[in-house]
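Work through the exercises below with the sequence and the coordinates open. Each task is followed by a solution in steps.

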Amino acid sequence: MKNHYAQYALLILAFMALPFLVDAVPFLGPTWVRILGFAMLYVLLALGLNIVIGYAGLLDMGYIGFYAIGAYLYALLSSPHLNMVGLAEGVLNWPIWIIIPLAAVLAALCGVLVGAPVLKLRGDYLAIVTLGFGEIIRIFMNNLDQPVNITNGPQGISAIAPLHIDAAAWSHAVGETPRTLLSLQAKWSVLGLQVSPVISYYLFFLAIVILAIILSKRLEVSRIGRAWMALREDEVAAEAMGLNKRNLKLLAFAMGATFGGVSGALFSAYQGFVSPESFTLMESIMVLAMVVLGGMGSIRGVVLGALILSIMPEVFRDLVNWAQPFVLDNVTFISRDVLRNVLDASTLRMLVFGLALILVMRFRPEGLWPSQRRRAELHELDAEPTAPEAGLDGTPMQREAVPQDLLFKEADKV
Amino acid sequence: MQATLDILLQQVLNGLVLGSIYALVALGYTMVYGIIGLINFAHGEIVMVGAMVTISVLTMLAGFGFAPGVLTLLLAIMIAAIVCMLMAQGMEKFAYRPLRKAPRLTPLILAIGISIFLQNLAMMIWGRGYKTFPEVVETRPIEVFGATITNVQMSIMVISVVIMFALWLLVDKTRLGKAMRATAQNQEVAGLMGININRVISATFVIGASLGAVAGVMRAVNYGQADAYMGLLLGLKAFSAAVLGGIGNLFGAMAGGILLGLIESLAAGYTGQITGGFLGANYQDIFAFIVLILVLLVRPNGLMGERQADRA
């Protein structure tokens with residue numbers, strides 16, 4: 001057991017050391033530390049969506065809406081925008097210990113609002129309706145620059161203050177520099193190690209991700225988590241066992257949305273700029289793919305999926321940008337226009353991503369690193385006792401008991 | 001007031017044109033859903049491919065010296081429809097068929113993957129920008145009680161009605177149609193009755209795809225252009241239309257499509273007036289979703305859908 005914790009501590013230490021290493025490597029540098037920071041935000045998002053899809057089995061395709069709500073909340077409450085349009089006196093600069101819980105609560109409320117009307121719907125209807133909600137949120141953000149300029153429309157909100165704690169002032173006069181107690185924008189050093197702002201952000205996000213992982217794990221094994229999974233497997237049977245379907249589903253929506261809202265607020269502070277562009281349907285699908293690729297319901301899988309899908313595209317972009325001039329110079333038998341279309345980094349990336357989604361669903365629907373239970377369900381016919389799989393820490397995992405009747409159950413519903 | 005009424009007739013006509021396109025796409029969704037209970041997310045992409053292939057073929061035919069005209073257009077549409085049908089058949093055979101017994105979400109997510117894949121493949125082939133639809137048929141405006149409609153828009157409506165009638169004949173009167181209805185009711189029993197269900201399901205996909213291809217061309221002609229992104233939103237709206245009418249029900253999809261077209265065009269024309277300029281026509285795209293949500297709240301089985309027990 002002690003060994004267990006030591007392993008986790010080592011893993012965390014490795015993740016803490018990662019940005020310093022990346023920063024030191026010449027061809028990676030701060031750009032890649034920044035990418036790692038975004039990867040952490042995606043992990044947070046994927047963990048949130050995992051609660052909704054993985055645990056409760058509700059396919060939410062408008063998840064990015066909650067991310068948008070968190071992001072816009074932070075943007076409005078700590079940027080000069082509201083002051084500029086005359087809705088606030090002074091430049092708002094709320095401290096994070098107010099904004100982040102507020103983002104969590106607001107997102108959760110929206111989660112309940114979205115969830116309540118669609119609870120009765122079956123899985124695939126739910127997907128389309130939530131997708132509609134996500135689009136509605138985005139279209140409103142795109143158009144709410146009139147009659148009252150709240151979101152500044154497609155231009156988005158810029159000059160967002162970095163993450164900071166400030167006990168005294170919630171706003172400051174125009175033109176004045178805010179007085180902050182602890183800002184992630186400041187440089188600091190520990191044990192002679194220079195910590196740049198982008199690394200501080202990463203470390204802060206990492207801490208929140210670790211918190212989220214612990215929370216997810218506790219939820220998974222809690223009474224509520226088990227109730228969610230029971231609902232996912234068979235609603236009728238779960239209700240017959242006395243589970244309150246409505247409350248449980250709403251709770252799943254709210255919990256998932258909370259993660260999204262917090263992640264959105266952090267994103268806003270990290271990027272310093274938000275616009276509706278960042279919250280398109282494609283982003284929702286991207287987060288969904290992270291959960292699916294890693295393995296729905298499996299925390300380690302989801303983390304892995306999020307890391308792969310947020311870092312790979314960047315690697316891909318570098319690779320394509322590097323290869324493009326070379327190919328354009330040397331391949332002459334195909335027209336240059338066609339080549340340029342084919343070698344477009346974002347198109348190629350999405351193409352590969354779509355293909356990955358197809359292949360994973362077709363050949364490995366349980367994901368790359370699934371939980372034991374899920375794998376057993378999806379491979380009901382070829383199920384055979386396998387050797388205990390090594391866990392995150394290398395020690396054999398305790399195999400979850402999978403009752404025989406579950407193995408042979410006709411699982412035609414998620 | 002007179003101005004408002006003039007707009008009304010114009011918007012109704014626009015809505016009918018838009019609605020007949022939605023209806024054709026919605027039929028593709030509803031047929032597939034009716035028979036295997038799958039939301040074929042990639043159907044919108046098939047519509048897009050139909051439009052893009054037609055444009056490419058028309059450009060190519062013009063290069064070969066074909067005179068622009070109705071026959072050239074028909075030839076192009078036929079080629080596009082064949083491409084779409086082959087795509088749908090391949091999709092069904094290699095992606096959906098092996099997953100027919102899998103949990104519901106698996107094929108749905110797979111369909112989303114196909115949709116993304118096709119969209120980006122189209123971007124590689126045709127580029128990111130839009131393609132203008134070549135002027136193959138001369139467009140003439142027709143005056144109807146003060147409102148204008150073009151001969152092209154008129155033919156869009158007429159052709160949709162003809163296609164829908166033909167589809168009804170196919171489903172209601174032919175052996176294949178009977179087999180489709182039987183398969184939709186119960187695959188296993190239909191199989192026991194000697195129906196080759198794989199073939200029937202494949203045929204359903206293929207017929208839906210051909211309707212989609214025609215609808216894609218109509219949309220491209222109506223707006224004068226097409227791009228690789230057009231399938232996604234069109235598909236979502238058409239799906240909303242199918243749900244509005246009661247998914248799985250052919251007449252429901254037709255009625256739902258036309259109703260959605262009317263709602264959208266009237267809403268786009270009047271939201272500004274009703275809300276006193278607070279909400280403008282740029283909210284047009286959300287009406288489909290709002291309608292979808294409201295319908296599912298009030299009448300989850302759609303306007304014409306029958307009540308059916310949850311398939312556990």
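## Exercise 1: a helix pair in chain A

Task: list the residues through which helix 3 and helix 5 of chain A meet, and describe the crossing.

Solution. A:F66, A:I69, A:G70, A:L73, A:Y74 and A:L77 of helix 3 of chain A meet A:I99, A:L102, A:A103, A:L106, A:A107, A:C110 and A:G111 of helix 5 of chain A. Contact here requires C-beta atoms, placed from the backbone, within 7 Å. Helices (H or I, at least four residues) and strands (E, at least two) are DSSP runs, numbered from the N terminus. By class, this contact holds 11 nonpolar, 2 polar and no charged residues. Ala, Val, Leu, Ile, Met, Phe, Trp, Tyr, Cys and Pro count as nonpolar, Asp, Glu, Lys and Arg as charged, and the others, Gly among them, as polar.

Next, take the geometry. Helix 3 (residues 64-77) and helix 5 (residues 96-118) of chain A pack at about 140 degrees, with axes 9 Å apart. The axes are lines fitted to C-alpha atoms over the stretch in contact, and angles run from 0 to 180 degrees between N-to-C directions. The crossing is right-handed, where right-handed means that the near helix is turned clockwise from the far one by less than a right angle, and left-handed anticlockwise.

A note on the source: this is a predicted model, in which local features need pLDDT of at least 70 and side-chain atom pairs count only at pLDDT 80 or more, while totals for chains, interfaces and linings use all residues. Residues are numbered from 1 along each chain as its sequence is written, and chains are lettered from A and ligands numbered from 1 in the order in which they are written.

## Exercise 2: helix 2 of chain A

Task: compare the end-to-end span of helix 2 of chain A with the expected one, then find where the helix bends.

Solution. The expected span is 1.5 Å times one less than the number of residues. For the 27 residues of helix 2 (residues 29-55) of chain A this gives 39 Å, and the end C-alpha atoms are 38 Å apart, so the two agree. The helix bends by about 35 degrees at A:L49; the bend is the angle between axes fitted to the seven residues ending there and the seven starting there.

For burial, 21 of the 27 residues of helix 2 of chain A are buried. Buried means 20 or more other C-beta atoms within 10 Å of the residue's own, exposed 12 or fewer, and partly exposed in between, with C-beta atoms placed from the backbone. After helix 2 of chain A comes A:G57, with a positive phi near 70 degrees.

## Exercise 3: four residues of chain A

Task: decide whether A:I199, A:I136, A:N152 and A:A159 are buried or partly exposed.

Solution.
- A:I199, in helix 7 (residues 197-221) of chain A, is buried because it has 25 C-beta neighbours inside 10 Å. Leaving out residues up to four places away in sequence, A:I199 touches A:P19, A:F20, A:D23 and A:V33.
- A:I136, in helix 6 (residues 123-143) of chain A, has 19 other C-beta atoms within 10 Å and is therefore partly exposed. With the sequence exclusion of up to four places, A:I136 touches B:I286 and B:F289.
- A:N152 sits in the loop between helix 6 and strand 2 (157-158) of chain A. Its count is 22 other C-beta atoms within 10 Å, so A:N152 is buried. Although not a glycine, A:N152 has a positive phi of about 65 degrees.
- A:A159 belongs to the loop between strand 2 and strand 3 (164-165) of chain A. With 13 other C-beta atoms within 10 Å, A:A159 is partly exposed. Its phi is positive as well, near 60 degrees, in a residue other than glycine.

## Exercise 4: the contact between the chains

Task: state how many residues each chain gives to the contact, and which helix of chain B gives the most.

Solution. Chain B gives 36 residues and chain A gives 37 residues. On the side of chain B that touches chain A, helix 4 (105-126) and helix 11 (284-298) of chain B each supply at least two residues. Helix 4 of chain B gives the most, with 14 residues. By class, that side of chain B has 27 nonpolar, 5 polar and 4 charged residues.

Finally, turn to helix 11 of chain B. Among its buried residues are B:I286 and B:F289.

Conventions: Contact = placed C-beta atoms within 7 Å.
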